[in-house]
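Q: Hi! Could you walk me through where the ligands sit in this one? Let's pull it up first.

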Amino acid sequence: MRGMEAGGVSAGKRRVYVPRDSAARSVGADAVAERIAAAGAEVVRTGSRGMLWLEPLVEVETPAGRVGYGPVAPEDVDGLVAAGLLDGQGESIGVVEDLPWMRRQQRVTFTRVGIVDPRSPEDYEAHGGLAGLRTALRMSPADVVEEVVTSGLRGRGGAGFPTGIKWRTVLGADADIKFVCCNADEGDSGTFADRMLIEGDPFTLIEGMTIAAHAVGASEGYVYLRSEYPDAVETLTEAIEAARARGWLGERILGSDLTFDLHVRVGAGAYICGEETSMLESLEGKRGQVRAKPPIPALEGLFGRPTVVNNVLSLASVPAILADGAEAYAALGVGRSRGTSVFQLGGNIARGGIVETAFGITLGELVDDLGGGTASGRPARAVQVGGPLGAYLPVEKFDLPMDYEAFAAAGAMLGHGGIVVFDDTVDMAAMARFAFSFCAEESCGKCTPCRVGAVRGVETIDRIRTGQEREKNLVLLEDLCELMTDGSLCAMGGLTPMPVRSAVRHFGEDFAK
Ligand SMILES: Cc1cc2nc3c(=O)[nH]c(=O)nc-3n(C[C@H](O)[C@H](O)[C@H](O)COP(=O)(O)O)c2cc1C
Ligand code: SF4
């Protein structure tokens, strides 16, 4: 085990943690880890804490906790070691857990990310892993479902549908075989929490899917993971093999009657394959095209069988719910938005990364207090929340609480929790045009309002931006938005008007230049 002897330090060698998360690797974490190992330390590769502006963030185990250094370039290592890094001395950022960024958070789903070695099942168990599954296996499937209903957990993939209610439908369906499918396509702009969870704590997802399997009576599961995430594919594949070898997957899981196995399938990079029915088509080896609903996947999903389709974060939240009880989870949050959400700060932001906190924190607290405002230092002007189909909100809306209903009332949505910040140089008419051109590019082509409407939308905005019959074309634009909202088969065409309308409503002056 690369992990946890008493006191945390093996004889003679200091233990130093360096992330192997791909965000950290992209800025040199591998070379930093090599240099620290060469200096005589025992290096443990972890996930990222989510403070991306500090990557590569090196942490040294000391009696006071893990002391952080970051960002550390490979060429900084020798000097830092000479100044006492291996003893937690020299110019550090202090104990990582005590940083204001960490203290403001309530990490439930991400509790182990950045702390454990994602390749070590022993480390996982030593940090509370499997407690949820063991509890679930002592309960009847129906009781597990009701526990998830009571927790108030809603789907973190975008639509916010109550997870327990979905599971109840699958449990109640009669079939020879049922499936649990994890949607890890993570196509939304500004989102990376699924990737960081899988790279930093893959056993949590495996445990969550296994609990789902027990709850609904499924025997087989698939994780649909995008090809743009090769490190996540490798980490999850290795973790599944390790879980199988330990009896955490396969027959008679942990000595129970449960049989469940898990497979990774890699998508080919189409945004629409994140839509659940398209994903199922793609998993079946077909072109990723949206299916009409009904029937819903919970009744006729993969290969026509009852199927749970849940996002990575929804499934990864389940082990903690079972381990600590639904009430503890439901005690966090506001209104009908219970528990925590993993918000992702990106775009033009000084401190980008992951913030897991209870629902109810405001947009402004996230962007200004935790995110530190824009990276450019110019005033923020707009944020897009919820991916490419989410609304653009002006800074006047920064007092909005992160809450599904509050966002819906403001003509916006939380989506997968991505927040992309723009400063005052942004041209919002260009962003509205981008919404249509993105839809035209990514549409599956099945229905006319989306397939044709997106192209007409680009043309209409071009006419507005070049001053051709501006008023008439703004009316036409609103007509087109109404038609796409009401007439599209799925939310791809149905929600594309959201960023467009929000840009016109809040930033109308950009359409009159
Ligand atoms: C165009 C489009 C793209 C989507 N992309 C994703 C995605 O990448 N990941 C995801 O979990 N859900 C995505 N969704 C939502 C899924 O259709 C579905 O609601 C979700 O996977 C259900 O899981 P949840 O209830 O846990 O959120 C997308 C939906 C649409 C319309
Ligand atoms: S709205 Fe767009 S993506 Fe959805 S089914 Fe219609 S054409 Fe396909």
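**Pockets and ligands**

A: Happy to. In this predicted model, the largest pocket has a volume of about 1,100 Å³.

Q: Nice, and which residues are closest to the centre of that pocket?

A: Gly 157, Gly 158, Ala 159, Gly 274 and Glu 276 are the closest to the centre, out of 43 residues that line the largest pocket.

Q: Which elements give two or more residues to that lining?

A: There you'd look at helix H8 (163-172), strand S9 (307-311) and helix H20 (491-495). The largest share comes from S9, which gives four residues to the lining of the largest pocket.

Q: How does the lining of the largest pocket divide into nonpolar, polar and charged residues?

A: The lining has 17 nonpolar residues, 16 polar ones and ten charged ones.

Q: OK, on to the ligands. Where does ligand 1 sit?

A: Ligand 1 sits in the largest pocket, the one we've just been through. The elements that give two or more residues to the shell around ligand 1 are S9 and H20.

Q: Which of them gives the most to that shell?

A: S9 does, with three residues in the shell around ligand 1.

Q: And which residues come nearest to ligand 1?

A: There are 20 residues around ligand 1, and Gly 157, Glu 276, Asn 310, Asn 311 and Ser 314 come nearest. By class, the shell around ligand 1 divides into five nonpolar, nine polar and six charged residues.

Q: What about polar contacts, say with Glu 276?

A: A backbone N or O atom of Glu 276 is 2.9 Å from an oxygen atom of ligand 1. Glu 186 also has a polar backbone atom 3.1 Å from an oxygen atom of ligand 1. With Asn 183, the side chain is involved: one of its N or O atoms lies 2.9 Å from an oxygen atom of ligand 1.

Q: How much of the accessible area of ligand 1 does the protein cover?

A: On its own, ligand 1 has 610 Å² of accessible area, and the protein covers 91% of that.

Q: Great. Switching to ligand 2: what is the space it takes?

A: The space taken by ligand 2 is the largest cavity.

Q: Which residues are closest to ligand 2?

A: Cys 444, Lys 446, Cys 447, Cys 450 and Cys 490 are the closest, among 13 residues that surround ligand 2.

Q: And what is the shell around ligand 2 like by class?

A: The shell around ligand 2 has eight nonpolar residues, four polar and one charged.

Conventions
Residues numbered from 1 in each chain as written. Chains lettered and ligands numbered in written order. Predicted model: local features only at pLDDT ≥ 70, side-chain atom pairs only at ≥ 80, totals over all residues. Heavy atoms only, no water. Near = heavy atom within 4 Å. 1 Å grid on protein atoms, 1.4 Å probe; cavity = no way out; pocket = protein on both sides within 12 Å on 5 of 7 lines; lining within 4 Å. Sits in = over half its atoms within 2 Å of the grid points. Nonpolar A, V, L, I, M, F, W, Y, C, P; charged D, E, K, R; others polar. Points joined across faces, edges and corners; volume = space filled by probe spheres on them. Polar contact = N/O pair within 3.5 Å; in protein donor to acceptor, adjacent residues only side chain to side chain. Areas by Shrake-Rupley, 256 points an atom, 1.4 Å probe, with all protein chains shown as cover.
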